[in-house]
Amino acid sequence: MSCSHSSQLIDESSSTKPQDKVELPIPQPPSHFLTGNLLDINAAEFAESIYKLVKIYGPIFKLELPSRRLVIVSGYELFKDTCDEARFEKTTLGNVDEVRNVLGDGLFTAKSDEKNWFIAHRTLMPSFGPLGIRKMFPQMMDIASQLILKWDRMGPEHEIVTSDDFTISSLLSFGGAF
């Protein structure tokens, strides 16, 4: 489970529940027969659909999809809670399980109680923990500045595909330029 964004999708089966706390029901849009809440999400405008649901149901809500039930979490405090490894654990589901069947356990396919997960976690945490990210900040600022200049050069009539540019800028944060 990634803890680098301000909102997060969580499979309900991935959490462990504290024994001493009272569970409150998580809000959910009305579910429809067969499709669940699939019609509440516009695939072409996924983020906007989620933001609209956050405004209606608050910073945590459930979605029932034909293949699984998700809990959507947004806002810093709730997101920070989901990153608490003492209360939540990484799970492998769906396509990740299929990849695991072919490639075995690795960084993204290992279960949280397996040896390879602990090895990968200990290896990556120094680089991607708070201190590692802080060291990368100057390079990230440089990449972000270059991205803004790129968009500016393209002119106001050019449609910007932010998902592509953000993916590239994430990769470039480890070395490179536009």
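**Surface and overall make-up**

I began with the accessible surface of the protein chain, which comes to about 12800 Å², with 60% of that area belonging to carbon and sulfur atoms. I note at once that this is a predicted model, and that every value I enter here is computed from it. Turning to burial, I found that buried residues make up 26% of the 178 residues in the chain. For the fold, I counted 6 helices and 3 strands, and reading along the sequence I wrote down the pattern β-α-β-β-α-α-α-α-α. I also looked up the contacts with a separation of 6 or more, and 53% of them are accounted for by residues 24 or more positions apart.

**A nonpolar patch**

Which residues form a nonpolar patch on the surface? I found Leu107, Phe108, Leu124, Phe128 and Ile133, which together have about 440 Å² of accessible area. I then took one member, Leu107, and placed it in the loop between helix H3 (95–103) and helix H4 (115–128). Its relative accessibility is 31%, so I entered Leu107 as partly exposed, the band for that word running from 20% to 50%.

Phe108, another member of the patch, led me back to Val96, a residue of helix H3. When I left aside the neighbours of Val96 within four places in sequence, I found it in contact with Phe108 and Thr109. Val96 and Phe108 are 12 residues apart in sequence, and I noted 7.5 Å between their C-alpha atoms. Val96 has a relative accessible area of 31%, and I therefore listed it as partly exposed.

**Helix H4 against helix H5**

I next looked up how H4 packs with helix H5 (residues 130–154), and found an angle of about 40° with the axes 4 Å apart. That angle makes H4 oblique to H5, because it falls outside the range under 35 degrees that counts as roughly parallel and also outside the range of 65 to 115 that counts as roughly perpendicular. On the H4 side the contact is made by Pro126, Ser127 and Phe128, and on the H5 side by Pro130, Gly132, Ile133 and Met136. I note that Phe128 and Ile133, both named in this contact, are also listed in the nonpolar patch.

**Salt bridges**

How many salt bridges does a search of the whole structure find? I recorded 2. As background, side chains of opposite charge can pair when their charged atoms come close.

In one of them the side chains of Asp84 and Arg87 meet, at 3.8 Å from N to O; I kept in mind that the cut-off for a salt bridge is 4 Å. Asp84 is partly exposed, with a relative accessible area of 29%, and Arg87, at 28% relative accessibility, counts as partly exposed as well.

The other salt bridge joins Asp165 with Lys150, and here I noted 2.7 Å between the closest N and O atoms. Asp165 lies in helix H6 (residues 162–172) and Lys150 in helix H5, so the pair ties together parts that are 15 residues apart in sequence. Are these two residues buried or exposed? I found that Asp165 is buried and that Lys150 is buried too.

**A further look at helix H6**

My last entry concerns Ser170, which also lies in helix H6. With a relative accessible area of 43%, Ser170 is partly exposed. I looked up its distance to Ile143, 27 residues away along the chain, and found their C-alpha atoms separated by 8.7 Å.

Conventions. Residues numbered from 1 in each chain as written. Predicted model: local features only at pLDDT ≥ 70, side-chain atom pairs only at ≥ 80, totals over all residues. Heavy atoms only, no water. Patch = residues over 30% accessible without salt bridge, like charges linked within 9 Å, V, L, I, M, F, W, Y side chains within 5 Å. Areas by Shrake-Rupley, 256 points an atom, 1.4 Å probe, with all protein chains shown as cover. Helix = DSSP H or I, 4+ residues; strand = E, 2+ residues; numbered from the N terminus. Buried < 20%, exposed > 50% of the residue type's maximum accessible area, 1.4 Å probe, protein only. Axes fitted to C-alpha atoms, helices over the stretch in contact; angles between N-to-C directions. Parallel < 35°, antiparallel > 145°, perpendicular 65-115°, else oblique. Contact = heavy atoms within 4.5 Å.
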